[in-house]
Amino acid sequence: MGVQSKPAPLPPWGAAVAGATGAVLANALVYPLDIVKTRMQVQVKRKPGELQVGSEPHYTSTWDAINKMVAEEGIEGLYAGIHGALIGVASTNFAYFYWYSFVRDLYFKSQKVPAPPSTATELVLGAIAGAVAQIFTIPVAVVTTRQQTQSKAERKGLIETAREIASSEDGVTGLWRGLKASLVLVVNPAITYGAYERLKTAMFPGKNRLTAGEAFLLGAMSKALATIVTQPLIVAKVGLQSKPPPQRQGKPFKGFIEVMQFIIQHEGVLGLFKGIGPQILKGLLVQGILMMTKERMELAFVLLFRYIRKLRSEQLAKAVELAAKAKTSLPLATK
């Protein structure tokens with residue numbers, strides 16, 4: 001989720017619809033990468049000569065995961081849980097862009113002298129919007145993560161999976177597992193934006209407008225940096241929201257610190273960065289497609305609103321003209 005630098009010409013719901021549309025399209029196109037990175041992040045890396053625990057397959061790379069998933073579950077296995085994922089993506093991005101536009105409008109209205117917000121202010125506004133969005137939409141993310149990490153035989157529908165989570169020892173609050181990690185992860189877009197501005201100054205000093213290639217390069221570098229910095233939290237959040245690994249014997253994790261400790265104990269520190277390849281690739285593609293689609297959607301809304309205003313103006317002018325004609329055609333009243 002990116003941060004804008006100019007006041008949005010649309011009402012909050014317009015920006016929300018545009019952002020949600022772009023996010024759904026982007027995530028639908030790269031969904032196989034999403035399920036691959038999720039499964040790689042929840043698996044416990046085996047040591048040489050160690051026997052396999054449980055029936056879950058072990059993946060050594062992105063391509064290995066894709067091959068094994070297709071062989072065991074068919075092409076549809078790469079799209080397991082996609083309905084819940086797209087519902088979650090749509091709701092999260094709708095909420096994010098709505099609240100971001102909303103708090104940004106409030107900020108501009110509170111300013112006595114109109115001025116663009118500083119970088120720090122932009123980051124705070126984005127963090128507020130991201131936190132509100134996570135609180136309301138994380139249950140869908142929890143259900144989707146559970147669906148993505150289940151085998152074909154265990155997999156259930158969206159509602160059935162939600163009921164299964166709610167009937168666990170955590171109760172209904174289980175649908176908000178990983179909320180703390182998710183709230184901390186709102187710094188991801190903040191890091192992306194801050195790194196983008198710093199890299200722009202360092203690599204293209206004094207240049208106000210970048211070419212599409214230069215902007216994509218900076219966007220890719222800043223997104224990769226943000227992903228590397230926050231990857232341990234991303235892995236911990238996925239571990240919290242998924243089914244506990246066989247080594248836990250069904251005992252769920254209590255917090256993301258416990259997940260990180262478990263990973264370090266069984267896989268070492270590098271285990272906190274597992275699945276980073278597909279995570280970065282997915283982030284780069286989603287970021288580009290999302291923002292490109294969002295801009296086109298916002299432009300379409302602006303043109304639509306202008307057309308509607310033009311039609312209303314023409315109708316109002318016709319109504320005034322008809323009223324004037326009717327007034328002049330009325331017979332004079334006699335005393």
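Helices here are DSSP runs of H or I with at least four residues, numbered from the N terminus. With that in hand, welcome to a short tour of the enclosed space in this predicted model. Searching the whole structure turns up four cavities of 30 Å³ or more, and the two described below are the largest and the second largest.

**The largest cavity**

- The largest cavity holds about 1100 Å³ of space.
- Its lining is made up of 41 residues, and those nearest the centre are Lys37, Gln134, Lys237, Gln279 and Lys282.
- Seen by class, the lining of the largest cavity has 21 polar residues, 15 nonpolar and five charged.
- Helices that each bring at least two residues to this lining include helix 1 (12-29), helix 2 (31-42), helix 4 (82-110) and helix 5 (119-148).
- Further along the chain, helix 8 (187-203), helix 9 (212-241) and helix 11 (276-329) each do so as well.
- Helix 5 is the top contributor to the lining of the largest cavity, giving nine residues.

**The second largest cavity**

- About 100 Å³ of space is found in the second largest cavity.
- Its lining counts 14 residues, with Val42, Gly239, Pro245, Phe253 and Lys274 closest to the centre.
- Helix 2 and helix 10 (256-267) each contribute at least two residues to the lining of the second largest cavity.
- Helix 10 has the largest share there, with four residues.
- Seven nonpolar, four polar and three charged residues make up this second lining.

**Where the two linings meet the same helix**

- Helix 2 supplies at least two residues to the lining of the largest cavity and at least two to that of the second largest.

Definitions and conventions:
Residues are numbered from 1 along each chain as its sequence is written. This is a predicted model: local features need pLDDT of at least 70, side-chain atom pairs count only at pLDDT 80 or more; totals for chains, interfaces and linings use all residues. Side-chain values use heavy atoms; hydrogens and water are left out. On a 1 Å grid over the protein atoms alone, a cavity is a set of points where a 1.4 Å probe fits but cannot get out, and a pocket is an open set with protein on both sides within 12 Å along at least five of seven lines; lining residues have an atom within 4 Å of a point. Grid points are joined across faces, edges and corners, and a volume is the space filled by probe spheres set on the points. Ala, Val, Leu, Ile, Met, Phe, Trp, Tyr, Cys and Pro count as nonpolar, Asp, Glu, Lys and Arg as charged, and the others, Gly among them, as polar.
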